[in-house]
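Trainee: Hey, got a minute to walk me through this one? I'd like to start on the inside and work my way out.

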Amino acid sequence: MKKFTLKLLSVLVGLWLTGCENGSKKESDTRQEVAGKFDSRMQDQKTPLSQEFKSYWYNGEAEISSFKLMQERYGEIREGRAVLIYVTEDFLPDIQVKAENYDPDNIPVLKLNSTKKFITGMYPYSIMQSSFYPVQQQSHALKVSASIQEWCGQVYAQLNNRENFEVLSHSYFEGEADQSFILEKTHLENELWNLIRINPNRLPTGELQVIPSLEFCRLRHKPIKAYEATATINEGSYTLTYPGLNRKLVVRFDTDFPHVIQSWEETNTIGAGSNVQYLTTRAERIHSIRSPYWTKNSNSDGDLRNQLQLD
């Protein structure tokens with residue numbers, strides 16, 4: 001019995017040492033290697049990442065693109081700026097936030113932070129939406145959020161992809177106030193901007209049930225839920241039409257990798273009947289840079305904003 005116990009302890013110690021060595025190596029893996037490990041671990045469920053994709057998105061930089069924005073609000077067109085910030089990161093699957101340390105259960109995602117700034121009359125609007133899409137899953141974004149600030153107040157909405165879609169919404173408007181509810185899983189307009197960059201061939205087409213962007217739902221005071229829509233794709237142009245909302249979104253992007261988004265248009269209606277107006281928000285790309293922007297926080301880094309024509 002004593003010999004068996006000693007032998008068992010020897011085996012366990014050996015396994016522990018091997019695990020420590022492997023753990024040390026995992027912690028030192030580059031982001032490309034981490035993505036490669038994810039390929040191997042989930043290859044029966046996931047689409048492998050190409051070397052082209054890894055080289056572009058796992059080089060320690062984000063892609064930042066600025067856009068000239070002509071935003072429709074309150075029945076008029078307002079000039080402003082929009083920015084799309086794409087970057088890959090590891091995501092914690094349970095609490096659905098950025099992972100600070102390597103773990104084999106982390107999920108590699110392509111994150112999009114999308115911002116808009118424009119003025120209405122004397123007061124400003126600031127809008128930010130975030131979406132986190134697994135780079136290999138052919139399902140849905142793990143998380144989507146949106147916040148809108150203006151002088152009347154602010155609103156915030158968040159959707160988490162768990163067993164169902166879990167939605168939290170906070171607003172200063174009486175009819176919206178604080179809400180928490182569940183939705184069945186379906187296509188998310190917010191996630192389509194991630195899919196374009198990952199692989200536009202995976203964009204959904206045909207007759208669909210789509211949850212519009214959280215920005216749209218909050219600005220228009222529409223319930224956050226799925227609406228009937230029709231989606232088409234044609235030579236770098238993706239069109240999403242919502243008949244019941246009188247709304248159409250067109251996103252134009254490069255057909256070649258890395259599928260940079262060049263422009264978009266969003267047409268909505270104002271009024272009803274004989275007084276109905278169709279007004280279109282437009283955004284045209286100004287410039288793009290690659291940068292680890294989270295390290296560019298000194299006064300001397302302000303020239304990067306000048307390159308993007310954000311001031």
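Mentor: Sure. Keep in mind that this is a predicted model. Let's begin with Trp193, which touches Leu84, Tyr86, Leu112, Leu249, Val251, Ile261 and Trp264, leaving aside residues up to four places away in sequence.

Trainee: OK, and how many residues does the largest nonpolar core have?

Mentor: That core has 56 residues, and Trp193, Leu240, Ile261 and Trp264 are the ones with the most contacts inside it. Helix α4, residues 189-198, supplies the largest share of this core, with five residues.

Trainee: Which other core lies apart from it?

Mentor: Another one, of eight residues, lies apart from the big one, and Ala62, Val87, Ile289 and Leu310 are among its members. As a general point, nonpolar side chains tend to be buried together in soluble globular proteins.

Trainee: Switching topic to empty space. How many cavities of 30 Å³ or more are there?

Mentor: There are three cavities of that size. The largest holds about 190 Å³ of space. It has 15 lining residues, and Ser114, Gln129, Trp193, Ser213 and Glu215 come closest to its centre. So you meet Trp193 again, the residue that touches Leu84 and Trp264 among others.

Trainee: Which elements give two or more residues to that lining?

Mentor: Those are β3, β4 (123-134), α4, β13 (247-253) and β14. By class, the lining has four nonpolar, six polar and five charged residues.

Trainee: And what's the volume of the second largest cavity?

Mentor: About 90 Å³. Its lining includes Glu215, Phe216, Arg220 and Glu266. The elements giving two or more residues there are β1 (62-73), α5 (214-219) and β14. By class, that lining has two nonpolar, three polar and five charged residues.

Trainee: What about pockets? Which residues lie nearest the centre of the largest one?

Mentor: Ile64, Val83, Arg305, Leu308 and Leu310, out of 20 residues that line it. The volume of this pocket is about 490 Å³. Strand β3 gives the most to its lining, with four residues. By class, the lining counts nine nonpolar, five polar and six charged residues.

Trainee: Back to charges, then. How many salt bridges are in the whole structure?

Mentor: A search finds 11. In one of them, Glu189 pairs with Arg247, with the closest N and O atoms 2.7 Å apart. Glu189 sits in helix α4 and Arg247 in strand β13, so this pair ties together parts that are 58 residues apart in sequence.

Trainee: Which other residue does Arg247 form a salt bridge with?

Mentor: Glu266, where the closest N and O atoms are 3.1 Å apart. Here strand β13 holds Arg247 and strand β14 holds Glu266, so parts 19 residues apart in sequence are tied together. Glu189, Arg247 and Glu266 are linked in a network of salt bridges.

Trainee: Are Glu189 and Arg247 buried or exposed?

Mentor: Both are buried, and Glu266 is buried as well. Compare Arg162, which forms a salt bridge with Glu166 at 2.9 Å between the closest N and O atoms. Arg162 is partly exposed, with a relative accessible area of 31%, and Glu166 is partly exposed too, at 30%.

Trainee: Last one: why does Ser263 count as buried?

Mentor: Because its relative accessible area is 6%, and buried means under 20%. Ser263 lies in strand β14, residues 261-270. Among the residues it touches are Phe67, Val250, Arg252 and Glu284.

Technical notes: Residues numbered from 1 in each chain as written. Predicted model: local features only at pLDDT ≥ 70, side-chain atom pairs only at ≥ 80, totals over all residues. Heavy atoms only, no water. 1 Å grid on protein atoms, 1.4 Å probe; cavity = no way out; pocket = protein on both sides within 12 Å on 5 of 7 lines; lining within 4 Å. Points joined across faces, edges and corners; volume = space filled by probe spheres on them. Nonpolar A, V, L, I, M, F, W, Y, C, P; charged D, E, K, R; others polar. Buried < 20%, exposed > 50% of the residue type's maximum accessible area, 1.4 Å probe, protein only. Contact = heavy atoms within 4.5 Å. Core = buried A, V, L, I, M, F, W, Y, C linked by side-chain atoms within 4.5 Å. Salt bridge = Lys/Arg side-chain N within 4 Å of Asp/Glu carboxyl O.
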